[in-house]
Amino acid sequence: MSPSVPLQEMIRAIRSARTQCEERGVIQRECAAIRAQFRQADNGGRSHNLAKLLYVHMLGYPAHFGQMECVRMIASPRYSEKRVGYLGAMMLLDEKQDASLLITNSIKNDLSNSNQYIQSLALCTLACMGSAEMCRDLAPEIDRLLRASNSYIKKKAALCAVHIVRKVHDLGELFTKAARSLLTEKNHGVVHGAVVLITELCERNSETLERFRKTVPDLVQIMKGLVISGYSPDHDVAGISDPFLQVRILRLLRILGRNNEGASDAMNDLLAQVATNTDSTKTVGNAVLYETVLTVLDIKSESGLRVLAVNILGRFLLNNDRNIRYIAMTSLQKIVGTDHNAVQRHRGTIVDCLKDQDASVKRRALDLSLALVSASNIRSMMKELLSFLSSCPPELRSQTASGIFNAAERYAPSQRWHIDTILHVLTTAGGDVRDETVPNLIQLITNTSELHCYTVHKLYRALLSDISQLKVWAPCFFFKLKNVLSAFKPCTYMSVVQVTEDDVLDVLETVLQSHMSFPSTRGFALTATMKLSTRITENVDRIRSIVSIYGSCIDVELQQRAVEYNALFKKYDHMSLFCSAAICIWMHLNNVQSAGLSPPLCGVSQVCDLLDLLGGSEQPLQPSPALGSTAPPMPVSTANTVGGDLLDLLGGLEPTPITPGLTFRYIHTKNYRNRKRLTVYEKDGVTVTLSCEKQSDSGLTVTLTASNSTESDIRGFTLQAAVPKSVQLHMKAPSGDSLPARGAAKVTQMVVLNNPNKVA
Amino acid sequence: MQFMLLFSRQGKLRLQKWYVPLSDKEKKKITRELVQTVLARKPKMCSFLEWRDLKIVYKRYASLYFCCAIEDQDNELITLEIIHRYVELLDKYFGSVCELDIIFNFEKAYFILDEFLLGGEAQETSKKNVLKAIEQADLLQEVRYTPNHSHVWQI
């Protein structure tokens with residue numbers, strides 16, 4: 001076909017423009033000329049003009065003024081104009097444009113044209129951009145063409161029908177019969193079209209699927225013909241006869257054999273044959289094998305065949321071609337749940353793929369490796385995963401970190417190993433660790449009390465060496481800071497290290513002053529410094545000065561804390577411990593709310609802090625008699641149980657719907673400031689305040705008031721409390737157990753505390 | 001297949017075929033993002049990538065990237081074969097095709113594509129038949145052309 005001169009000249013002109021501005025100028029001129037031409041009568045150059053416009057459109061410039069011209073061209077009797085007109089329709093018109101409806105009539109006429117090439121233009125356009133209305137209008141025409149035309153048109157009509165079914169699902173019924181008969185044709189194109197159509201019909205409608213199951217023997221027959229027959233030059237690709245058709249048939253067989261014993265049996269032999277006979281040196285062969293494997297794994301195949309399929313995937317994993325390895329891993333991912341052992345055999349190769357250069361392959365390898373971790377291979381797998389973490393691309397880091405944490409939690413051979421792993425992850429990728437995992441870590445560290453000193457030493461060392469990864473694991477460290485001082489005795493795991501109070505304060509100060517610290521990190525550091533004041537005997541002044549600096553900090557949160565801490569220092573020296581406890585709880589609540597961390601678990605660490613502060617003891621707390629039986633399920637250690645009981649304020653409190661006996665518990669705090677009201681809980685419209693009154697040297701009365709500002713009542717509301725062993729608790733009866741809506745009334749409850757031994 | 005894009009190494013679009021209805025703006029956005037993503041890949045990397053909820057299969061032939069977006073159930077390897085088949089068709093038609101051929105004869109590249117794929121699926125699996133159909137259509141274009149016109153056809 002001869003080239004279109006005007007079009008090529010224009011393209012040349014546009015390409016020779018040296019700057020964007022020049023190009024725009026050329027295009028504007030050309031568009032103006034084209035517009036003028038469109039307005040003129042038929043001048044024989046219409047197809048060239050439209051082609052020019054389409055080129056301009058492809059470059060990204062607006063071309064909507066050509067839409068009507070497309071409609072006119074499609075109606076033209078000249079084939080050259082029709083061709084370009086239809087092309088323009090496919091490029092410029094889509095079903096969202098109104099002009100698209102105008103071409104429906106032209107398409108209808110062209111579908112009945114005597115010339116098959118004109119028919120094909122119409123079919124192509126309908127299949128590309130036909131809207132639902134157009135499809136409904138023209139479906140009967142398509143059906144007619146499916147039955148009575150030559151193979152050239154039939155194959156196109158079949159794919160057009162596929163598009164129609166995708167747009168208007170109900171019309172599937174119309175094509176079922178025709179589709180069935182098309183399978184018997186000799187022409188590969190027609191059979192291919194028929195298979196695609198049947199696949200589409202079966203995917204949409206399960207009844208149709210049942211009906212088409214009867215075609216399985218026919219499909220098997222066709223496949224056999226393709227696989228066994230000799231060389232057919234027309235359809236051969238690298239020794240495989242018509243791979244496109246083979247792949248489509250396999251896909252249809254997959255759909256038909258799923259969950260059906262009979263159909264699956266009928267195709268077993270065929271699949272085995274294809275799997276063994278297909279040449280896998282080229283991509284083509286591998287494409288067919290891949291489809292076969294997918295089919296075998298999806299239908300109810302016999303075990304021998306399944307093993308064969310998994311072996312093929314294993315072979316794929318060893319292939320040099322990255323693409324093959326990638327799809328092998330994708331397929332293995334699908335079956336790792338069901339055929340776990342089979343996949344385990346290839347673990348070595350999969351782990352090697354972690355070191356591949358390609359990010360897609362790495363991602364797949366990561367997913368698979370995490371799925372393959374088990375109790376027996378945890379140590380070696382973890383080594384691989386940790387080395388992967390240090391070199392993996394940034395977008396995979398947080399996924400890797402969470403995966404490692406999960407795996408470590410499930411299969412950790414020992415506590416120490418677990419903590420080591422966690423610390424390793426934190427030092428390598430602390431900034432990428434997801435926030436939700438932090439409470440788990442805190443809980444874990446809290447649980448392993450015998451390793452506290454070891455943990456703390458390690459954290460301290462890490463903190464000294466690299467402050468950049470502070471964001472997430474700073475809290476872990478700081479919550480345990482109080483143990484640092486008590487842990488300065490020689491530890492079985494680490495060499496003796498002389499860490500003085502000054503050193504610790506130095507580190508904290510560095511954190512506070514580092515410009516890389518997040519505000520939340522600084523908050524934690526400040527709180528930790530505060531808490532240290534209860535343990536440190538010599539450097540209290542230094543702590544005071546650190547804290548008071550932040551009294552004028554820009555960050556409101558930090559400033560508030562610093563000011564309050566300062567106030568504490570000034571007023572309640574002798575009660576510092578109590579106050580610290582109270583404040584710490586309050587602060588922790590705020591932290592938790594603002595950091596959005598998972599509440600119950602965070603509560604655990606906070607409570608344990610409280611307990612530590614109050615008693616400095618490692619012994620588990622005895623639950624107070626006031627505790628109800630609706631404790632949330634918590635992990636085994638008693639400290640945690642009590643912790644969970646003591647603080648579950650933020651977990652799952654819902655004003656509506658009300659469940660009877662829904663309780664929430666709060667921390668019982670000791671003396672804060674005389675008669676001062678302190679809001680300890682405010683969430684979901686429920687507010688609880690407490691006020692303290694010191695009765696005697698060892699006695700304290702706390703009044704708790706709860707109010708509800710939501711739109712509905714809360715019934716069955718109870719307050720519960722727990723205290724350390726050394727303190728006695730009497731809870732008086734509450735004034736009521738339902739909180740009316742909108743703060744209509746409040747519920748109050750008095751609690752008397754007695755601390756006869758004046759334990760700190 | 002949802003769409004096929006051909007673009008140069010500088011990111012210039014040479015052909016775009018969309019089989020799903022999208023607005024012009026969306027098409028431009030998708031094209032821009034995808035071109036950027038694919039061009040950022042290194043030479044030896046995998047031909048498949050996941051992008052949004054689609055699978056992208058791409059292959060580079062000389063200075064042109066052929067990029068297809070397929071759905072979840074589609075076979076990636078056979079899509080590579082489809083791309084290869086299309087390149088072979090172009091090669092046979094233009095005789096040792098290069099990017100310039102596709103630039104200056106873009107409408108013919110579309111016609112060939114439309115003879116090979118229909119509605120996103122392969123319609124003819126025989127190379128010979130596709131080429132024959134195009135030849136016939138071209139003849140039809142010539143024959144129907146009315147002779148009393150001032151433009152001169154070049155051979």
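Which residues of chain B does the UniProt annotation "domain: AP complex mu/sigma subunit" cover? The exercises below concern a predicted model.

**Exercise 1. Locate the annotated domain in chain B and describe its secondary structure.**

Step 1. The UniProt record, an unreviewed entry, places the domain at residues 1–140 of chain B.

Step 2. Over residues 1–140, chain B is 47% helix and 25% strand. The C-alpha atoms at the two ends of this stretch are 30 Å apart.

**Exercise 2. Describe chain A as a whole.**

Step 1. Count the elements: chain A has 35 helices and nine strands.

Step 2. Take the burial: of the 760 residues in chain A, 58% are buried.

Step 3. Take the contacts: among those in chain A with a separation of 6 or more, 66% join residues 24 or more positions apart.

Step 4. Take the surface: chain A has an accessible surface of about 31,100 Å², and carbon and sulfur atoms account for 50% of that.

**Exercise 3. Determine how helix 6 and helix 7 of chain A pack, and where A:Gln119 fits in.**

Step 1. Helix 6 spans residues 99–111 and helix 7 spans residues 116–129 of chain A. Their axes lie 8 Å apart, at an angle of about 145 degrees.

Step 2. The crossing of helix 6 past helix 7 of chain A is left-handed.

Step 3. Helix 6 of chain A contributes A:Ser100, A:Ile103, A:Ile107, A:Asp110 and A:Leu111 to the contact. From helix 7 of chain A come A:Ile118, A:Gln119, A:Ala122, A:Leu123 and A:Met129.

Step 4. A:Gln119 has a relative accessible area of 11%, so this residue is buried. Beyond four places in sequence, A:Gln119 contacts A:Asp110, A:Leu111, A:Ser112, A:Asn113, A:Leu145 and A:Ile153.

**Exercise 4. Work out whether A:Phe212 is buried or exposed, and what surrounds it.**

Step 1. A:Phe212 belongs to helix 12, residues 206–212 of chain A.

Step 2. Its relative accessibility is 2%; the cut-off for burial is under 20%, and therefore A:Phe212 is buried.

Step 3. Leaving out neighbours within four places in sequence, the contacts of A:Phe212 are A:Thr176, A:Ala179, A:Arg180, A:Ile198, A:Leu201, A:Cys202 and A:Leu256.

Step 4. A:Thr176 and A:Ala179 are among the buried residues of helix 10, residues 172–182 of chain A. The cover over the buried residues of helix 10 includes helix 8, helix 9, helix 11 and helix 12 of chain A.

Step 5. For a distance check, A:Met73 is 139 residues from A:Phe212 in sequence, and their C-alpha atoms are 42 Å apart.

**Exercise 5. Place A:Lys300 and classify its exposure.**

Step 1. A:Lys300 sits in the loop between helix 16 and helix 17 of chain A.

Step 2. Its relative accessibility is 37%, so A:Lys300 is classed as partly exposed.

Step 3. Apart from residues up to four places away in sequence, A:Lys300 touches A:Gly257, A:Asn259, A:Asn260, A:Glu261 and A:Ser264.

Step 4. A:Ser369 is 69 residues along the chain from A:Lys300, with 27 Å between the two C-alpha atoms.

**Exercise 6. Identify the residues that touch the most other members of the largest nonpolar core.**

Step 1. The largest nonpolar core has 200 residues, and A:Ile142 and B:Tyr86 touch the most other members.

Step 2. Not counting residues up to four places away in sequence, B:Tyr86 touches B:Met4, B:Leu6, B:Leu15, B:Phe66, B:Ala109, B:Ile112, B:Leu113 and B:Phe116.

Step 3. A second, separate core has 19 residues, including B:Met45, B:Leu49, B:Trp51 and B:Tyr58.

Conventions
Residues numbered from 1 in each chain as written. Chains lettered and ligands numbered in written order. Predicted model: local features only at pLDDT ≥ 70, side-chain atom pairs only at ≥ 80, totals over all residues. Heavy atoms only, no water. Helix = DSSP H or I, 4+ residues; strand = E, 2+ residues; numbered from the N terminus. Buried < 20%, exposed > 50% of the residue type's maximum accessible area, 1.4 Å probe, protein only. Contact = heavy atoms within 4.5 Å. Areas by Shrake-Rupley, 256 points an atom, 1.4 Å probe, with all protein chains shown as cover. UniProt positions renumbered as here; feature names shortened; annotations may be inferred. Core = buried A, V, L, I, M, F, W, Y, C linked by side-chain atoms within 4.5 Å. Axes fitted to C-alpha atoms, helices over the stretch in contact; angles between N-to-C directions. Left-handed = near helix turned anticlockwise from the far one by under 90°.
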